[in-house]
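This report describes the fold, the core and a few selected residues of one protein model. The sequence and the structure come first, and the text follows them.

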Amino acid sequence: MLLLDRTGAIDDLWPASGETLPASGRVLVPLARLEEALETGLELGVEIPNTTDPRDLTPHLGRVAMIAVDFPGFADGRGFSIARRLRAEGFLGRLRAAGPVISDQFSYLLQCGFDEVALPEDVAERQPAAHWLAQLDTISAGYQRGINGLGSILDQRRGAG
């Protein structure tokens with residue numbers, strides 16, 4: 001797996017949980033184990049499928065430090081909406097897109113609120129970190145309003161007129 005953010009490849013600080021949760025530290029748990037993990041006092045990350053309603057996580061946002069949103073394929077955009085909704089609900093922790101997204105989507109992932117992207121090995125081989133970083137300068141405007149305060153192309157056109 002290649003994990004990267006807007007600066008390039010980064011270390012993964014969130015070990016996945018095994019059968020038993022660790023006694024201390026950080027851990028990344030699947031959504032099905034969130035309730036159990038909340039009772040441990042661990043620093044928690046949670047992996048969610050892209051079918052999750054972000055409002056279901058709202059009561060836990062203050063107790064979760066990282067959320068990894070699954071992208072089963074690059075053409076499935078539900079993860080973008082989940083990220084925007086989580087940020088709108090006030091989630092301030094680390095937000096990870098996980099799965100076979102493509103480098104063309106990197107700017108949009110960041111604009112929607114993601115901090116990092118976890119790529120499977122086959123995608124990372126075809127599109128190494130340098131390729132992803134080069135994409136950051138290729139898109140200056142989007143059709144969707146970004147979480148970073150940038151307006152959409154339509155907003156920019158309205159402002160120019």
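From the N terminus on, the elements of this predicted model run β-β-β-α-β-β-α-β-α-β-α-α-α. The secondary structure thus listed comes to six helices and seven strands. The radius of gyration is 16 Å, close to the 15 Å that the globule rule gives for 161 residues, so the protein is as compact as a globular protein of that length. Taken along the principal axes, the box filled by the C-alpha atoms is roughly 55 × 35 × 25 Å.

**Burial, contacts and surface**

Of the 161 residues in the protein, 44% are buried. Among contacts between residues at least 6 apart in sequence, 52% join residues at least 24 apart. The exposed area of the protein is about 8500 Å², and carbon and sulfur atoms supply 51% of that area. The charged side chains comprise 15 positive and 22 negative ones. The centres of these two sets lie 9 Å apart.

**The nonpolar core**

The largest nonpolar core has 37 residues. Which of its members touch the most other members? They are Ile 67 and Val 117. Helix 2, residues 78-88, gives this core its largest share, four residues.

With neighbours within four places in sequence left aside, Val 117 is in contact with Leu 2, Leu 3 and Leu 4. The other contacts of Val 117 under that condition are Ala 97, Val 101, Phe 106, Leu 109 and Trp 132.

**Selected residues**

Gln 135 belongs to helix 5, which covers residues 129-135. Is Gln 135 buried or exposed? Gln 135 counts as buried because its relative accessibility is 15%, and buried means under 20%. Leaving aside neighbours within four places in sequence, Gln 135 has contacts with Ser 103, Asp 104 and Ser 107.

Tyr 108 lies in helix 3, residues 106-111. Its relative accessible area is 28%, so Tyr 108 is partly exposed.

Glu 43 is part of strand 4, which spans residues 43-48. At 35% relative accessibility, Glu 43 is likewise classed as partly exposed. Beyond its neighbours within four places in sequence, Glu 43 is in contact with Trp 14, Gly 25, Arg 26, Val 27 and Ala 65.

Asp 155 is placed in helix 6, residues 153-160. A relative accessible area of 22% makes Asp 155 partly exposed, as that class runs from the 20% limit of buried to the 50% limit of exposed.

**Separations in sequence and in space**

The table pairs separation along the chain with C-alpha to C-alpha distance for residues described above.

| Pair | Separation in sequence | C-alpha to C-alpha distance |
|---|---|---|
| Gln 135 and Tyr 108 | 27 residues | 10 Å |
| Tyr 108 and Gly 93 | 15 residues | 18 Å |
| Glu 43 and Ala 124 | 81 residues | 28 Å |
| Asp 155 and Leu 44 | 111 residues | 38 Å |

Tyr 108 appears in two of these rows. Its C-alpha atom is 10 Å from that of Gln 135, at 27 residues along the chain. From the C-alpha atom of Gly 93, at 15 residues along the chain, Tyr 108 is separated by 18 Å. For Asp 155 and Leu 44, a chain separation of 111 residues goes with 38 Å in space.

Conventions:
Residues numbered from 1 in each chain as written. Predicted model: local features only at pLDDT ≥ 70, side-chain atom pairs only at ≥ 80, totals over all residues. Heavy atoms only, no water. Helix = DSSP H or I, 4+ residues; strand = E, 2+ residues; numbered from the N terminus. Rg over C-alpha atoms; globule rule 2.2 N^0.38 Å. Buried < 20%, exposed > 50% of the residue type's maximum accessible area, 1.4 Å probe, protein only. Contact = heavy atoms within 4.5 Å. Areas by Shrake-Rupley, 256 points an atom, 1.4 Å probe, with all protein chains shown as cover. Lys, Arg positive; Asp, Glu negative; His and termini not counted. Charge placed at Lys NZ, Arg CZ, Asp CG, Glu CD. Core = buried A, V, L, I, M, F, W, Y, C linked by side-chain atoms within 4.5 Å.
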